[in-house]
Amino acid sequence: MHSAYIRITVKKDAVLTVRLPATTRRRLEALARQEGRSMSAQAERLIEQGMSTGAPARGHVRTARSLAGVLSGGRVPTVADFREVRALISASLLRRTRLHDDRRR
């Protein structure tokens, strides 16, 4: 039986320099040795694999979490509290506006 192999060569023309912790580099080297790849080929494979799955890296993901219960037991602002804050903000903005107008004159 005759089998034919087709080799497709992709020109690699981009260079990427990455700083890694020594432990990460050792893990990358060990994995590359284990799989019979160069470090460059192993890094490329891992990057492509990570981008193709669409899955973000483990441990570095900020996920949205529910706010339910986060403020439980806390003081709930009253309408009077909101009015007081609104009055303080309005007064502050009014002072700034007057200062700005006085400087223009």
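Why are Glu 29 and Arg 25 separated by about one helical turn? The two residues stand four apart in helix 1, and the separation of about one helical turn follows because of that spacing. In this predicted model, the pair is joined by a salt bridge whose closest N and O atoms lie 3.1 Å apart. Neither partner is described by the same accessibility value: Glu 29 has a relative accessible area of 24% and is partly exposed, while Arg 25, with 45%, is also partly exposed.

The contact between Glu 29 and Arg 25 is one of three salt bridges that the structure holds. Another is formed by Glu 35 and Arg 37, where the closest N and O atoms are 2.4 Å apart. Glu 35 counts as partly exposed at 32% relative accessibility, and Arg 37 is likewise partly exposed, with a relative accessible area of 35%.

Glu 35 has a further partner, for its side chain also meets that of Arg 45 in a salt bridge, at 3.1 Å from N to O. Here the two residues belong to separate helices: Glu 35 lies in helix 1 and Arg 45 in helix 2, which covers residues 39-53, so the pair ties together parts that are ten residues apart in sequence. Arg 45 is partly exposed, its relative accessible area being 25%. Through shared partners, the salt bridges join Glu 35, Arg 37 and Arg 45 into one network. Glu 35 is the residue that takes part both in the bridge to Arg 37 and in the bridge to Arg 45.

From these charged contacts the description turns to a nonpolar part of the surface. Leu 16, Val 18, Leu 20, Ile 47 and Met 51 make a nonpolar surface patch of about 520 Å². One of its members, Leu 16, is placed in the segment before helix 1, the helix that spans residues 22-35. Is Leu 16 buried or exposed? Leu 16 counts as exposed because its relative accessibility is 65%, and the cut-off for that class is over 50%.

Taken together, the account has two themes. One is the set of salt bridges, three in number, with Glu 35, Arg 37 and Arg 45 joined in a network. The other is the nonpolar patch, to which Leu 16 and Met 51 are among the contributors.

Definitions and conventions
Residues are numbered from 1 along each chain as its sequence is written. This is a predicted model: local features need pLDDT of at least 70, side-chain atom pairs count only at pLDDT 80 or more; totals for chains, interfaces and linings use all residues. Side-chain values use heavy atoms; hydrogens and water are left out. Patches are made of residues with over 30% relative accessible area and no salt bridge: like charges are joined within 9 Å, nonpolar side chains (Val, Leu, Ile, Met, Phe, Trp, Tyr) within 5 Å. Accessible areas come from the Shrake-Rupley method with a 1.4 Å probe; for residues, only the protein chains shown count as cover. A salt bridge is a side-chain nitrogen of Lys or Arg within 4 Å of a carboxyl oxygen of Asp or Glu. Buried means under 20% relative accessible area, exposed over 50%, partly exposed in between (1.4 Å probe, protein chains only).
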